Amino acid sequence: SSNEPAAEVPYACVSILAVASVIMAYIDIFRKVLPGRRVSHRGAHEATSWQRRRYEAAFPASPYRATNSRTGNTDACCICLQAHCDGEMVRRLPCGHKFHARCIDMW
């Protein structure tokens with residue numbers, strides 16, 4: 001009967017070690033799966049360099065050209081609400097909206 005409590009101790013240690021190793025495995029997986037999700041002290045909206053290059057390749061900036069010069073310029077940036085002028089760098093999104101490159105790059 002004195003052997004029974006001694007036999008329970010290894011099972012308790014094994015259980016604790018198993019739970020600790022599972023927790024450590026989840027922490028390791030979390031670090032590998034979400035490395036770019038960490039927020040820097042500079043701000044949450046700051047993109048990493050590869051994200052910036054991918055964004056600029058998908059939505060290149062180009063000089064704005066008014067489509068109808070007789071009616072005047074009616075296009076405006078939805079962020080700053082200022083009208084686009086000929087020659088300003090704009091980005092056109094897939095939805096068709098045009099934004100000043102300096103305005104949309106912050107988002």
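Select L81 to begin: its relative accessibility is 66%, so the residue counts as exposed, the cut-off for that class being over 50%. The model on screen is predicted.

Keep L81 selected and colour the protein chain by secondary structure. L81 sits in a loop, with β1 (61-63) on one side and β2 (89-92) on the other.

Next, display the backbone torsions of L81. Phi is positive there, at about 65 degrees, and the residue is not a glycine. Most residues other than glycine have a negative phi.

Now add H100 to the selection and draw a C-alpha to C-alpha distance from L81. The viewer should give 9.9 Å for this pair, whose members are 19 residues apart in sequence.

Zoom out to the whole protein chain. Its secondary structure consists of 3 helices and 3 strands. Stepping through the elements from the N terminus gives the order α-α-β-β-β-α; the loop that holds L81 lies between β1 and β2.

Switch to a surface representation. The protein chain exposes about 8,900 Å², and 60% of that area comes from carbon and sulfur atoms. Colouring by burial, what share of the protein chain is buried? Of its 107 residues, 10% are buried, while L81, the starting point, is exposed.

Finish with a contact map of the protein chain. Take the contacts between residues at least 6 apart in sequence: 35% of them join residues at least 24 apart.

Definitions and conventions:
Residues are numbered from 1 along each chain as its sequence is written. This is a predicted model: local features need pLDDT of at least 70, side-chain atom pairs count only at pLDDT 80 or more; totals for chains, interfaces and linings use all residues. Side-chain values use heavy atoms; hydrogens and water are left out. Helices (H or I, at least four residues) and strands (E, at least two) are DSSP runs, numbered from the N terminus. Buried means under 20% relative accessible area, exposed over 50%, partly exposed in between (1.4 Å probe, protein chains only). Contact means heavy atoms within 4.5 Å. Accessible areas come from the Shrake-Rupley method with a 1.4 Å probe; for residues, only the protein chains shown count as cover.
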